[in-house]
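Let's take a friendly walk through this model, from its helices to its aromatic rings. Please have the viewer ready.

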Amino acid sequence: MAALIAENFRFLSLFFKSKDVMIFNGLVALGTVGSEELFSVVAFNCPCSPARNYIYGLAAIGVPALALFLIGVIWNNHTWNLVAECHKRGTKNFSTAATFLLFGSIMGRAAVAPVTWSVISLLRGEAYICALSEFVKPSSLDKFPTEYGADVLARFPCKEVPANLTRYRDEVTRRLRYESQLFGWLLIGIVAVLVFLTKCLKHCCSPLSYRQEAYWAQYRSNEDKLFRRTAEVHSRILAAKNVKHFFGFVALDKEEKELVQEFPVEGVQPSPQWNAITGVYIYRENKGFPLYSRLHKWAKGVEGNGPSPEGHEMLFLAS
């Protein structure tokens with residue numbers, strides 16, 4: 001049981017696996033800040049109407065955050081690796097905890113932009129004030145005229161109020177902005193604590209040394225760059241051969257002619273090979289030697305997904 005728990009906890013390394021991820025998350029956050037500022041200046045316009053303020057204010061915070069979250073899920077390579085893994089091999093190779101933490105990694109990275117959007121919206125306070133101004137109790141305002149109700153309070157964000165209510169409008173706005181910014185700072189604090197704890201657990205649970213983990217990150221980056229570059233050249237040469245076969249000639253520039261002459265392409269890789277190198281990868285060792293990716297595993301001719309007497313599965317997921 002202790003070994004199983006230890007193996008499952010190693011999946012916490014899903015989050016913030018490398019400095020590149022941190023840099024990417026930072027760029028996403030900065031982009032979100034700029035987008036939120038632009039939205040507030042151009043698009044945000046409180047209706048200042050009872051029952052509409054609340055829906056519009058929450059939508060201004062929640063709908064863009066939801067859209068950013070879905071975009072983050074779509075752009076995450078883990079999402080499609082997981083889809084491919086489930087389609088080709090199922091989830092039999094993952095425990096419940098491992099599957100949960102894998103989803104946690106995808107959701108965690110996708111949450112960077114929506115959390116940033118929500119924090120900036122709360123710190124600005126405009127959407128929060130619009131949503132909750134009508135719910136402020138008149139009895140909480142000193143000597144508030146009894147003839148006015150929620151319909152007047154709903155117009156406070158637009159400053160469309162009688163002159164004798166100006167000081168109450170300022171007080172309500174100040175109170176709601178305080179609450180909004182308080183929630184924003186609390187959200188920042190909670191996220192910071194979660195990131196710190198995750199980083200600590202990741203380093204404590206990692207089965208690899210710091211240097212080997214850094215090497216693995218470099219290998220994955222280089223393999224991905226070389227694979228994409230080679231795939232682009234391979235597909236271009238193959239397309240040139242097929243076009244030439246159809247028309248009898250192919251219009252190539254000088255660089256493409258050199259590529260065709262230098263790298264002869266005889267055919268395409270069969271589907272089983274593509275399936276073998278596609279999907280979620282869990283760090284494995286075979287006879288004491290590390291296997292850093294599905295491509296590496298395929299190149300070494302190692303069969304199967306699960307641990308075997310010759311291969312030790314360390315349950316450390318590639319980011």
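Helices (H or I, at least four residues) and strands (E, at least two) are DSSP runs, numbered from the N terminus. The model is predicted, so to speak of local features takes pLDDT of at least 70, side-chain atom pairs count only at pLDDT 80 or more, and totals for chains, interfaces and linings use all residues. Residues are numbered from 1 along each chain as its sequence is written, and side-chain values use heavy atoms, with hydrogens and water left out.

An unreviewed UniProt entry places "transmembrane region" at residues 21-42, 54-75, 96-117 and 182-201; such annotations may be inferred rather than shown by experiment, and their positions follow the numbering used here, with feature names shortened. Two of these spans are tabulated here.

| Span | End C-alpha distance | Helix | Strand |
|---|---|---|---|
| Residues 54-75 | 32 Å | 100% | 0% |
| Residues 182-201 | 29 Å | 100% | 0% |

Next comes helix 4, residues 77-88. Its end C-alpha atoms are 16 Å apart, which agrees with the 16 Å expected because its 12 residues count at 1.5 Å each (1.5 Å times one less than the number of residues). At its start, a side-chain oxygen of Asn76 comes to within 2.9 Å of the backbone nitrogen of His78. His78 is also buried, as are Thr79, Leu82, Ala84 and Glu85 (under 20% relative accessible area, 1.4 Å probe, protein chains only).

Now to the rings. One aromatic cluster is formed by Tyr215, Trp216, Tyr219 and Tyr292. Arg220 lies over the face of Trp216, 4.7 Å from the ring centre, and the charged end of Arg167 sits over the ring of Tyr168, at 4.2 Å from its centre (NZ of Lys or CZ of Arg within 6 Å of the ring centre and within 35 degrees of the ring normal).

Key. Rings of Phe, Tyr and Trp (its six-membered ring) pair if their centres lie within 6.5 Å; planes under 30 degrees apart count as stacked, over 60 as edge-to-face and the rest as tilted. Buried means under 20% relative accessible area, exposed over 50%, partly exposed in between (1.4 Å probe, protein chains only). A polar contact is a pair of N or O atoms within 3.5 Å; within protein, one must be able to donate a hydrogen and the other to accept it, and residues adjacent in sequence count only if both atoms are side-chain atoms.
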